[in-house]
Amino acid sequence: MIVLQYIRSVLFIAQMYVMLAVYAVVGLPYALIGGRSAAIQVCRGYCKWVCWTAGWMVGIKTEYRGEIPTGDVLIAAKHQSFFDILMIYAAIPRGKFIMKKELVWTPFVGWYAYMIGCVPVDRGKRGAAIKGMLEQAKDVRFAGGQLVIFAQGTRVAAGAKKPYKIGAGALYAELGLPCVPAATNVGVFWPRHAILRKPGLAVVEFLPPIAPGMPMGDYMKVIETQIEAASDKLMAEAGLKLD
């Protein structure tokens, strides 16, 4: 059975990248003419495609819990693999991400990241990176919708622990928006450095929003406590044994 699941995983991954190119190229004229809203539709269509094919090709079903944010909010999310990016974007109506600056030059991904209003960050410059991120996030081109930041700054394997980065707190303080913490267990089924996709129920859970105005130190403690507790619960529910 494990060999068959590997074969299914390889086929799934292959079609996922083929369809990335298809969606990007076929949808480009529509996105260029229709602007940001059209580009968002193309991107969400692709994300929904991957979620759908994951279900019947490798057995990864998807589920959302909590109230999906639709207004202007900051989403501080747990990040375990590429799949949580796709799941979150498929759910929210006007999403954009804080992303690594290098991705701007990635074919297909970079084109649409720019069009939907993603905020590129040079993570190697630390203080300058945060300052640039805040300036761009307030720019009119990036305004409106749901701004997603991965609170630990990188993918973290299911069950592993890493500190939360100050960027999530800086955005919360600067933008004055409510923050919706988001937990997940997707890394149990879609590991960040593996080909095998394991069948199961991948969940993204949107937690109750945090009103703007909380002191940054308190805010950072709250999102870490809430996201980690909710993610641990989801991972345990998925069968992962946690220390």
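**Exercise 1. Find out which helix holds Leu-171, and whether this residue is buried or exposed.**

Solution. Start with the placement: Leu-171 sits in helix α6, which covers residues 166-175. Keep in mind that we're working with a predicted model. Next, look at accessibility: the relative accessible area of Leu-171 is 0%. Buried means under 20%, so Leu-171 is buried. Finally, check a partner from elsewhere in the chain: Ala-76 is 95 residues away along the sequence, and its C-alpha atom is 9.9 Å from that of Leu-171.

**Exercise 2. Work out how α6 packs against α7, and which residues meet there.**

Solution. Take the geometry to begin with. Helix α7 spans residues 216-237, and its axis lies 10 Å from that of α6, at an angle of about 125°. Because of that angle, α6 is oblique to α7. The crossing of the two is right-handed.

Now for the side that α6 brings: Ile-166, Ala-168, Gly-169, Ala-170, Tyr-172 and Ala-173. They meet Met-216, Tyr-219, Met-220 and Ile-223 of α7. Sorted by class, that contact has nine nonpolar residues, one polar and no charged ones.

**Exercise 3. Describe the packing of α2 with α3, then decide how far α3 is enclosed by the rest of the structure.**

Solution. Geometry again: α2 (residues 36-57) and α3 (residues 82-91) have axes 8 Å apart and an angle of about 125° between them. That makes the pair oblique, and the crossing is left-handed.

Then go through the contact. From α2 come Ile-40, Cys-43, Arg-44, Tyr-46, Cys-47, Lys-48, Val-50, Cys-51 and Ala-54. From α3 come Phe-83, Leu-86, Met-87, Tyr-89, Ala-90 and Ala-91. The class tally is 13 nonpolar, no polar and two charged residues.

Last step, burial. In α3, the buried residues are Phe-83, Asp-84, Leu-86, Met-87, Ile-88, Tyr-89, Ala-90 and Ala-91. That's eight of the 10 residues in α3, so this helix is largely enclosed by the rest of the structure.

**Exercise 4. Say how many disulfides there are, and check Cys-47 and Cys-118.**

Solution. The cut-off you need is a sulfur pair within 2.5 Å. Applying this rule gives zero disulfides. Take Cys-47: the nearest cysteine sulfur belongs to Cys-43 and is 6.7 Å away, and Cys-47 is in no disulfide. Cys-47 is also buried, at 7% relative accessibility.

Now Cys-118. The closest cysteine sulfur is again in Cys-43, but at 7.8 Å this is too far for a bond. Cys-118 has a relative accessible area of 5%, so this residue counts as buried too.

**Exercise 5. Locate Phe-108, say what stands out in its phi, and then analyse how α1 packs with α4.**

Solution. Phe-108 is in the loop between β3 (95-100) and α4. Its phi is positive, about 70°, although Phe-108 isn't a glycine. At 23% relative accessibility, Phe-108 is partly exposed.

On to the helices. The axes of α1 (residues 2-34) and α4 (residues 109-116) are 10 Å apart, with an angle of about 40°. So α1 is oblique to α4, and they cross in a left-handed way. On the α1 side you'll find Leu-20, Tyr-23, Ala-24, Gly-27, Leu-28, Ala-31 and Leu-32, facing Val-109, Trp-111, Tyr-112 and Met-115 in α4. By class, this contact has 10 nonpolar residues, one polar and no charged ones.

Notes. Residues are numbered from 1 along each chain as its sequence is written. This is a predicted model: local features need pLDDT of at least 70, side-chain atom pairs count only at pLDDT 80 or more; totals for chains, interfaces and linings use all residues. Side-chain values use heavy atoms; hydrogens and water are left out. Axes are lines fitted to C-alpha atoms, for helices over the stretch in contact, and angles run from 0 to 180 degrees between N-to-C directions. Helices (H or I, at least four residues) and strands (E, at least two) are DSSP runs, numbered from the N terminus. Angles under 35 degrees count as roughly parallel, over 145 as roughly antiparallel, 65 to 115 as roughly perpendicular and the rest as oblique. A crossing is left-handed if the near helix is turned anticlockwise from the far one by less than a right angle, and right-handed if clockwise. Contact means heavy atoms within 4.5 Å. Ala, Val, Leu, Ile, Met, Phe, Trp, Tyr, Cys and Pro count as nonpolar, Asp, Glu, Lys and Arg as charged, and the others, Gly among them, as polar. Buried means under 20% relative accessible area, exposed over 50%, partly exposed in between (1.4 Å probe, protein chains only).
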